[in-house]
Amino acid sequence: MKKCLLTVSALFFFFSFSFAQVKLQNLLVENRSNPIGIDIIQPRFNWELLSDRRNTRQIAYEIKVTVGKQTVWSTGKINSDSSVHVAYRGMALQSGKKYFWKVRVWDNSGKVSSWSEPAFFQMALLSTNDWKAKWITFSYKEDPSQQKSPLFRKQFNANKKIISATAYITAHGLYEALINGKKIGDAFLTPGWTSYNKRLQYQVYDVTDLLHEGNNAIGVTLGSGWYRGYLAWSDHHNIYGSDLSLLFQMEITYSDGTKENVVSDESWKCSTGPILSAEIYHGETYDAREEVPGWATVSYKYGSNWLPVNVEDFPFNNLIATYNEPVRKHEIFSPVKIFKTPKGEQVIDFGQNLVGWVVVKAKGNAGDKIIIRHAEVLDKQGNFYTENLRAAKSTDTYFLKGGSEETFEPHFTFHGFRYIKIEGYPGEIKPEDFTAVTLYSDMKQTGTFSCSSPLVNQLQHNIQWGQRGNFLDVPTDCPQRDERLGWTGDAQVFSRTASFNMNVNDFFAKWLKDVTADQHENGAVPHVIPDVLGKGDAGSAGWADVSTIVPWNMYIAYGDKRILEQQYPSMKAWVGFMTSKSNNYLWNTGGHFGDWLYYVGGGSTDNYLIAQCFYAHSTQLVINAARVLGHEDDVARYSDLLQKIKDAFMKEYATPNGRLISGTQTAYVLALEFDMFPENLRKQAAQRIVENIKQFDNHLTTGFLGAAYLCDVLTRFGYTDVASGLLLQTTYPSWLYPVKMGATTIWERWDGIKPDSTFEDAGMNSFNHYAYGCIGDWMYRKMAGLDTYEDGVGYKHIKVQPHLCEGFTNASASLLTYYGKLSNSWKTGPDAITMDVEIPANTTATVFLPASHANDITESGKSLSASSDIKITGNEEGYVVAELGSGAYHFVIVKK
């Protein structure tokens, strides 16, 4: 009996220990899982703690990194709670090498975890000397009226057993590469879009499984893309060059330890194929009769139309590895309706405004021509509407080769659309023959939000779909017309909202490097990045401030200090530009977009007043960054500058009683958000906003710049119910007006479609334009209450402070942080308020519970004061404030 009791006790101890032990998951290197192609010599490691215990914290960690049998970094036990962005400090990493790593941690109960499952990362090429390949281009004479996509081919023999193979590929233009007839990787529109002449990305692929011992064939197709295709307006093309060129290098490792490089060089051949033309704006034309069957396989025999390639002396010093997630296929939509318009047009509705293309199946005769046109909306009469696409043709054309069923989809274009118009389709149009496929950068979805209002839930849907459609390698303003550019103003107002919905850490880190690359020598930041306007257009307030706002927002959202380090010179340069254009610290020169697309009936805001506010804000952000980076001299210098900027603002734009020369919502919102008023004048300024809102019958009147901060300012000064009233407003101008009009994405204008179903000016009327989706930030951080403190950025020190808004009975939000899942859900009932909070391990949280007294609150059925896991720290403006650690908590607050 005694032996049995001992066995039971041992089992109980074993299972208790196993269950309580911390587990490690979601190992990341440079914010990616098992990345291939890192050219950062000190990559950073993340890991996530998983524990069933409350208040679990890490107190120490140990990391081991190996290559083969060699350990290149063993930290030993490091007393630290850091589990995010831990920088490598081992032996020098080598080009092309694959490294494995694992981690274990000690928690605050003194227990050590098991080692994590091994993860890996593979380095890219760290020196230009590592490139053995040559740039090659086609040698045939190109018809400028029909720029066919060139084909490049190479056949080679791998005469030994293959252990591994890695391919490094880039192009002038876009590329699609095959080995033995199979696509390399699952990315599209590679190598992506950067400021090519300064920063050209290459991609790295593990192609081991595509090769086999013996003969192998490589085939690569190129398209014009952003490199030489039409961009912006006025026949603007060949911005980076007029060539289409390929750089390909593959390193094969054999079982005997030897290596072989297969590279682009004089030995390759070139020809043309079925892609007759491909343009970002205009679409793709594909003639299946000109397909070259099996051309990327070893069975293919060269014909007379294959020519030797030309070798070009293009530079290698602008080549960089890929830092952000590639563009991939995502959601698939089937038709929700097939119909004919009043004009007799054959149209398919996919039910969602999306970005990507349509996959078409058809069977017909050789030479049958199918034309697919794309549109976002139908007009008032229900006809297909493309006038708002301006010069963009947005048309895909397919010529059938005849015979069996054929499948078509584009390669080097994308479209913004909900509807397609079909011409020339052979046979009956059936839903199973048409599929819409979405394309966007493969960012992990991290945030969710829902509430008691179905209309606001649709707004959240629209915000997320606006982000999906426009975060296609760069943050574009719109995805459908002849623009699709990286407008800086749109990006900065939306950046914090974006960081909640998806993990945009790497996405913005990559794009910000192009901000720096294209920034003018005098510090001015172009209106679009990459800068393809080329007219010296730069330096607009609220647009160029992207150089300070987005780095700071990424630091706050992800705790990414390296972004601040890398962007700090650019941040200072932008403030330096504004100072150089100021007179006695008053920036009242230059051209500015102002509060873009504001409600005209609400009055315009002085552009120089706006400029002065952003001058102050960017200066404040430089101060913040300097403090984080330890540049105390800069803290003092820019603090002095900031006070002078604010003094100049008050002297120029405000009366002694705080009335501004522009009486608009935006004027007062910016002045309050950026603390332009002295403390004693802020309350009256907030009251003026509320009075203005009432004057316009509880409507907003802001444009892009004011909308980003309007509800935040109202909540800050105690007018949350006014803010929620604006959110729930359904008539123009409002966030829900487009929702009521059937929008599935965010519109460029408050009234893109007017109440009478006519359109705003087609010259600028996008129906997928994420900027006004910036309200999401208020919904997540204020309404649902999920935020982070600056003393613990990246949600290391979490703030949970929900605002129980008038007109709502519940709201919930969740966020996948680098530490794990954070969530809050509140619900109001007749007798009580419930709050369910989840805090990830290795973080702490300050939670604001909407109650007057702690004795009105229970947690998991126990009085709040009786809980050993929760520390009550006081009362603050209608909240009981508590400190707590990780775990799940159920609060009930009795109404009195």
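Me: What classes make up the lining of the largest cavity, and how many residues fall in each?
Reply: Five nonpolar, two polar and eight charged. Nonpolar here covers Ala, Val, Leu, Ile, Met, Phe, Trp, Tyr, Cys and Pro; charged covers Asp, Glu, Lys and Arg; the others, Gly among them, count as polar. This is a predicted model, where local features need pLDDT of at least 70 and side-chain atom pairs pLDDT 80 or more, while totals for chains, interfaces and linings use all residues. Residues are numbered from 1 along each chain as its sequence is written, and side-chain values use heavy atoms, without hydrogens or water.

Me: What makes a space a cavity rather than a pocket?
Reply: Whether the probe can leave. On a 1 Å grid over the protein atoms alone, a cavity is a set of points where a 1.4 Å probe fits but cannot get out. A pocket is an open set, with protein on both sides within 12 Å along at least five of seven lines. Lining residues have an atom within 4 Å of a point. The whole structure has six cavities of 30 Å³ or more.

Me: What is the volume of the largest cavity, and which residues lie nearest its centre?
Reply: About 150 Å³. Volume means the space filled by probe spheres set on the points, with points joined across faces, edges and corners. Of its 15 lining residues, Glu30, Ile40, Arg44, Asp506 and Lys513 lie nearest the centre. β2, α5 (505-518) and α7 (561-580) each give at least two residues to this lining. Such helices (H or I, at least four residues) and strands (E, at least two) are DSSP runs, numbered from the N terminus.

Me: What lines the second largest cavity?
Reply: Its volume is about 80 Å³. Of 13 lining residues, Trp735, Pro738, Ile746, Trp747 and Tyr772 are closest to the centre. By class, nine are nonpolar, three polar and one charged. α3 (454-470) and α15 (736-740) each supply at least two.

Me: Which residues lie nearest the centre of the largest pocket, and which element gives the largest share of its lining?
Reply: Glu673, Arg716, Arg781, Lys782 and Asp787 lie nearest the centre, out of 41 lining residues. The largest share, five residues, comes from α8. The lining holds 15 nonpolar, twelve polar and 14 charged residues. The volume is about 1300 Å³.

Me: And the second largest pocket: which element contributes the largest share there?
Reply: β14, with five residues. This pocket holds about 950 Å³ of space. It has 46 lining residues; Arg32, Ser33, Glu325, Pro326 and Arg328 lie nearest its centre. The classes are 20 nonpolar, 16 polar and ten charged.

Me: Is β14 largely enclosed or open, and how do you know?
Reply: Six of its seven residues are buried, so β14 is largely enclosed by the rest of the structure. Buried means under 20% relative accessible area, exposed over 50%, and partly exposed in between (1.4 Å probe, protein chains only).

Me: What makes β14 a partner of β11 and of β23?
Reply: Two strands pair if DSSP finds at least two bridges between them. Four bridges join β11 (162-172) to β14, antiparallel. Three join β14 to β23 (319-321), parallel. Thr166 stands opposite Asp206 in β14, and Tyr202 stands opposite Ala321 in β23.

Me: Why are β1 and β6 called edge strands?
Reply: Each pairs on one side only. The open sheet has three strands in the order β1-β3-β6, with antiparallel pairing. Five bridges join β1 to β3. Val29 stands opposite Phe45 in β3.

Me: How do you know whether the length of α6 fits a helix?
Reply: The expected span is 1.5 Å times one less than the number of residues. For the 13 residues of α6 that gives 18 Å, and the end C-alpha atoms are 17 Å apart, which agrees. 13 of the 13 residues are buried, so α6 is largely enclosed. Gly559 follows α6, with a positive phi near 65 degrees.

Me: Why is there no bond between Cys711 and Cys774?
Reply: A disulfide is a pair of cysteine sulfur atoms within 2.5 Å. The sulfur of Cys711 is 9.0 Å from that of Cys774, its closest, so the pair is too far apart for a bond. Both Cys711 and Cys774 are buried, at 2% relative accessibility. Across the whole structure, the search finds zero disulfides.
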